[in-house]
Amino acid sequence: MAHALVIGGTGMLSGMVIELLDSFGKVTVSARNKKGFDRLKRSAGRNSSKLSFIQIDYNDYKELTKCLLKAVQDHGEFTLAVLWIHSSAKLAPLITAKVINETSRSCKFFEILGSAGSAPGIVATERTSEFRDFSNIEYQSITLGFVIEKEGSRWLTDKEISDGVTNALKNNYRKHVVGVTEPWDEHP
């Protein structure tokens, strides 16, 4: 049974999670509170039984590790991971990758990054190199940008984000931008 992990999937990524349910036997979703997950489960309709929930603050690295190991024990190895983790939890993506690398034979690992990392003057870390030692992980990145319109620019809507991430997953993009990140001086 194919098993997907989505960290931060109860808000702007909920549409993408619903789409994953058509392709995966189990989708484990992690969030800080159950309210968003309950809403997601109602939206899933007939596929709601394919959803599994981990309530965790991903800043608690020890608990994150424990919960990921339990999800693998309960539902099998992860073959896909999609992570929307705020930069305040710098180690959470690497800890997640380490657990998956040790428990899964092969996993496509998509990290969603905010547009701020594309700002001029910001030295972006080459994330790929941080994941290079994980031989069972195929690291891929998705950067969230903005939209330029006649009236000016705006941030992406939840639907645009969800659709853009779904597109990146379906096309297996190694590096993808949803919206635009340039010219930066036109960002909202």
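Two residues are in contact here when heavy atoms of theirs lie within 4.5 Å of each other. Keep that in mind for the first stop, and remember throughout that you're looking at a predicted model.

**Stop 1: histidine 176**

Select histidine 176, which sits in strand S9, residues 175-178. Is this histidine buried or exposed? With a relative accessibility of 16%, histidine 176 falls under the 20% cut-off, so it counts as buried. Now show what surrounds it. Skipping the neighbours within four places in sequence, histidine 176 is in contact with Ser141, Ile142, Thr143, Gly164, Asn167 and Ala168.

**Stop 2: just before and after S9**

Step back along the chain to asparagine 172, in the loop between helix H6 (158-170) and S9. Check its backbone: phi is positive, about 55°, although asparagine 172 is not a glycine. This residue is partly exposed, at 29% relative accessible area.

Then hop over the strand to proline 183, in the segment after S9. Zoom in on the peptide bond that leads into it from glutamate 182: that bond is cis, with omega near -5°.

**Stop 3: the aromatic rings**

Next, colour the aromatic side chains. How many aromatic pairs does the structure hold? There are seven. Start with phenylalanine 131 and tyrosine 139, whose rings are stacked, 4.4 Å centre to centre with 20° between the planes. Both phenylalanine 131 and tyrosine 139 are buried. Widen the selection to Phe109 and Phe134 as well, and you have one aromatic cluster made of Phe109, Phe131, Phe134 and Tyr139.

For another arrangement, pick phenylalanine 146 and tryptophan 155. Their rings meet edge-to-face, 6.3 Å centre to centre and 90° between the planes. Look at how each partner sits: phenylalanine 146 is buried, with a relative accessible area of 0%, whereas tryptophan 155 is partly exposed at 42%.

**Stop 4: the salt bridges**

Side chains of opposite charge can pair when their charged atoms come close. The count for this structure comes to 11 salt bridges, and a few make good stops.

Begin with lysine 70 and aspartate 74, whose side chains meet in a salt bridge of 2.8 Å, N to O. How many residues apart are they in helix H3? They are four residues apart in H3 (residues 61-75), so about one helical turn separates lysine 70 from aspartate 74. Lysine 70 is partly exposed at 45% relative accessible area, and aspartate 74 is partly exposed at 41%.

Move on to arginine 105 and glutamate 77, which form a salt bridge of 3.3 Å, N to O. This pair links distant parts of the chain, 28 residues apart. Arginine 105 belongs to the loop between helix H4 (92-103) and strand S5 (107-113), while glutamate 77 belongs to the loop between H3 and strand S4 (80-84). Arginine 105 is exposed, with a relative accessible area of 68%.

Now select glutamate 149 and arginine 154. They form a salt bridge too, with their closest N and O atoms 3.0 Å apart. Glutamate 149 is partly exposed at 34% relative accessibility, and arginine 154 is partly exposed at 24%. To see bridges joined up, select Lys108, Glu138 and Arg174: salt bridges that share partners tie these residues into one network.

**Stop 5: a pocket**

Turn on the surface and go to Gly8, Thr10, Gly11, Ala31 and Arg32. Among the 14 residues that line the second largest pocket, these lie nearest its centre. About 260 Å³ of space lies in this pocket. Which elements give two or more residues to its lining? Strand S2 (26-31) and helix H2 (34-44) do. Try colouring the lining by residue type: you'll get five nonpolar, seven polar and two charged residues.

**Stop 6: a long reach**

Finish with alanine 116, in the loop between S5 and helix H5 (127-131). Alanine 116 is exposed, with a relative accessible area of 52%. Draw a distance from its C-alpha to that of cysteine 67, and you'll span 30 Å of space between two residues that are 49 apart in sequence.

Technical notes
Residues are numbered from 1 along each chain as its sequence is written. This is a predicted model: local features need pLDDT of at least 70, side-chain atom pairs count only at pLDDT 80 or more; totals for chains, interfaces and linings use all residues. Side-chain values use heavy atoms; hydrogens and water are left out. Rings of Phe, Tyr and Trp (its six-membered ring) pair if their centres lie within 6.5 Å; planes under 30 degrees apart count as stacked, over 60 as edge-to-face and the rest as tilted. Buried means under 20% relative accessible area, exposed over 50%, partly exposed in between (1.4 Å probe, protein chains only). On a 1 Å grid over the protein atoms alone, a cavity is a set of points where a 1.4 Å probe fits but cannot get out, and a pocket is an open set with protein on both sides within 12 Å along at least five of seven lines; lining residues have an atom within 4 Å of a point. Grid points are joined across faces, edges and corners, and a volume is the space filled by probe spheres set on the points. Ala, Val, Leu, Ile, Met, Phe, Trp, Tyr, Cys and Pro count as nonpolar, Asp, Glu, Lys and Arg as charged, and the others, Gly among them, as polar. A salt bridge is a side-chain nitrogen of Lys or Arg within 4 Å of a carboxyl oxygen of Asp or Glu.
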